[in-house]
Amino acid sequence: MSDRHNKEEFAKRHFATKLLHFEGSFDEQTGASSTPIFQASTFHQSDLSQNPPYDYSRSGNPTRQALEDQIALLEGGTRGFAFASGMAAISTTFLLLSAGDHVIVTEDVYGGTYRLLTTVLNRLGMETTFVDMTDFAAVKAAYKANTKAVFIETPSNPTLKITNISEVASWAKEHNLLTILDNTFMTPYYQRPLELGVDIVVHSATKFLSGHSDVLAGLAVTADPELGRRLYQLQNGLGAVLSAHECWLLMRGIKTLQARMEHSERSARKLAEWLNEHPEVTKVYYPGLADHPGREVHEQQCSAYGAVVSFDVGSGERAKAMLGRVKLPLVAVSLGGVESILSYPAMMSHAAMPKEVRHERGITDGLVRYSVGLEHIEDLLADLDQALRG
Ligand SMILES: *Cc1c(COP(=O)(O)O)cnc(C)c1O
């Protein structure tokens with residue numbers, strides 16, 4: 001190891017520097033400016049008396065290792081894990097639990113997580129209570145003798161409700177519960193849950209971390225080495241790992257995370273304020289707005305408001321007409337790309353949720369979610385204005 005590669009030094013630097021300099025950020029052997037893509041399933045073992053660093057790519061691959069070290073560094077953890085998708089990261093993490101275990105989950109959780117819990121993990125004997133996590137009393141009331149974990153998503157999706165992370169995490173610790181937090185919306189640039197007492201951070205790296213709407217990936221990070229060992233066993237055992245090539249693409253995207261987030265966030269603030277004044281809009285959800293009920297808590301635990309704004313246009317008909325008229329954002333599932341993405345939760349991300357449950361959670365037929373990209377904000381506003389007015 002050259003003295004450019006020093007773990008303690010990496011950890012002391014600013015976030016922007018950590019995005020570019022980490023263990024494995026360049027190839028020590030050749031000096032190549034990026035981690036090589038080790039496109040190999042297996043590794044020659046020249047000395048059978050030694051434990052090789054790599055033997056089989058499901059169990060470990062040097063390209064994946066570089067990415068896993070980087071996400072651990074960015075989240076302030078000790079160990080990172082890369083998976084084939086966000087859902088692969090989330091489902092693998094949930095399998096730390098066993099039949100008979102009960103988990104408390106943010107009620108307006110990502111649609112895929114809801115589906116996993118209610119159609120797959122329930123069959124394996126895991127029990128879920130969905131609660132409004134903005135209400136700490138409701139979280140405590142959901143506790144049962146077999147509760148083993150709390151799964152938090154904050155800001156939640158798509159109505160951007162805010163959970164007080166350290167309050168829930170410290171209560172969970174008192175009861176010996178595992179806390180897992182989906183940090184997809186904020187990314188470690190704006191929110192670092194491990195520092196607030198959370199045990200495991202999970203990501204759909206498909207979104208802001210990769211940032212270019214061209215990679216499907218998931219990540220998990222732990223602070224506790226023993227928990228890291230257990231999660232590694234599951235990653236290796238279940239095998240939903242990220243390929244070397246996708247790891248490389250994701251690392252390429254992560255390099256510009258801070259620059260992208262700052263630009264998009266600035267635009268998102270403007271978009272939210274503008275929507276708030278727009279006559280065709282009935283409600284705007286954005287933690288940066290003065291009337292957002294979770295604003296204060298969000299500001300305590302996060303360094304910015306993020307790049308996602310949800311808003312209600314009053315009815316499904318009006319939402320569909322508007323989606324048909326926009327010319328700049330992609331009308332699509334997903335978020336966090338360099339291009340703006342407008343999605344329609346009722347028919348896309350939350351289509352799996354029963355209509356009554358969906359409406360109860362504020363995900364009405366008039367609700368749309370705008371993920372702000374890197375276009376000029378004035379063009380985005382002009383486009384949205386013509387789409388809203390029709
Ligand atoms: C997209 C998303 C997921 C699922 O990730 P995939 O990469 O699509 O599997 C999980 N949580 C949140 C908050 C998401 O936005």
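This is a short tour of one structure, stop by stop, with something to select at each. Keep in mind that the model is predicted.

**Stop 1: the two domains**

Start with the whole chain. Select residues 3–254 and give them one colour. That is domain 1. Now select 258–389 and pick another colour for domain 2. The centres of domain 1 and domain 2, taken over C-alpha atoms, are 26 Å apart. Look at where they touch. Domain 1 puts 38 residues into the contact, and domain 2 puts in 43.

**Stop 2: the largest nonpolar core**

Next, go inside. Select L67, F94, F151, I200 and L250. These belong to the largest nonpolar core, which has 68 residues, and they touch the most other members. Which helix gives the most to this core? Select residues 62–75 to see it: helix α3, with 6 residues in the core. Where does the core lie relative to the two domains? Domain 1 and domain 2 both supply residues, so the core lies between them.

Stay with L67 for a moment. Show its contacts, but skip neighbours within four places in sequence. You should find A82, L219, L242, C247, L250, M251 and I254.

There is also a second core, separate from that one. It has 28 residues. Select A272, V309, Y344 and I377 to find some of its members.

**Stop 3: a buried arginine**

Go back to helix α3 and select R64, which sits in that helix. Is R64 buried or exposed? Its relative accessibility is 1%, so it counts as buried; the cut-off for buried is under 20%.

Now look at what the side chain of R64 reaches. One of its polar atoms lies 2.7 Å from the backbone oxygen of S57. The backbone oxygen of R58 is reached at 3.1 Å. Leave out residues up to four places away in sequence, and the residues R64 touches are S57, R58, S59, A82, Q235, V241, L242 and C247. A82, L242 and C247 also appear among the contacts of L67.

**Stop 4: the ligand**

Select the ligand and show what surrounds it. There are 14 residues around it. Which of them come nearest? They are G86, M87, D182, T206 and K207.

Now check three polar contacts, one at a time.

- Select D182. An N or O atom in its side chain is 2.6 Å from a nitrogen atom of the ligand.
- Select S204. Here an N or O atom of the side chain is 2.9 Å from an oxygen atom of the ligand.
- Select T206. A polar atom of its side chain lies 2.6 Å from a ligand oxygen.

How much of the ligand is covered? Taken alone, the ligand exposes 380 Å², and the protein buries 93% of that.

**Stop 5: helix α4**

Keep the ligand on screen and select residues 86–94. This is helix α4, which gives the largest share of the shell around the ligand, with 3 residues. Of its 9 residues, 7 are buried, so α4 is largely enclosed by the rest of the structure. Select the buried ones: G86, A88, A89, I90, T92, T93 and F94. G86 is also one of the residues that come nearest the ligand. F94 was in the selection for the largest core.

Then look at the start of the helix. A side-chain oxygen of S85 comes to within 3.4 Å of the backbone nitrogen of M87.

**Stop 6: a loop with two cis bonds**

Move to the loop between β4 (147–153) and α7 (165–174). P155 is in this loop. Zoom in on the bond from T154 to P155. That peptide bond is cis, with omega near -5°. Slide along to P158, which is in the loop between β4 and α7 too. A cis peptide bond joins N157 and P158, with omega about 5°.

L160 is also found in this loop. Its phi is positive, near 55°, though the residue is not glycine. At 1% relative accessibility, L160 counts as buried.

**Stop 7: one more positive phi**

Finish at T187, in helix α8 (residues 187–190). The phi of T187 is near 65°, again a positive value in a residue other than glycine. T187 is buried, with a relative accessible area of 0%.

Notes
Residues numbered from 1 in each chain as written. Predicted model: local features only at pLDDT ≥ 70, side-chain atom pairs only at ≥ 80, totals over all residues. Heavy atoms only, no water. Core = buried A, V, L, I, M, F, W, Y, C linked by side-chain atoms within 4.5 Å. Buried < 20%, exposed > 50% of the residue type's maximum accessible area, 1.4 Å probe, protein only. Helix = DSSP H or I, 4+ residues; strand = E, 2+ residues; numbered from the N terminus. Domains from an automatic or database assignment. Contact = heavy atoms within 4.5 Å. Near = heavy atom within 4 Å. Polar contact = N/O pair within 3.5 Å; in protein donor to acceptor, adjacent residues only side chain to side chain. Areas by Shrake-Rupley, 256 points an atom, 1.4 Å probe, with all protein chains shown as cover.
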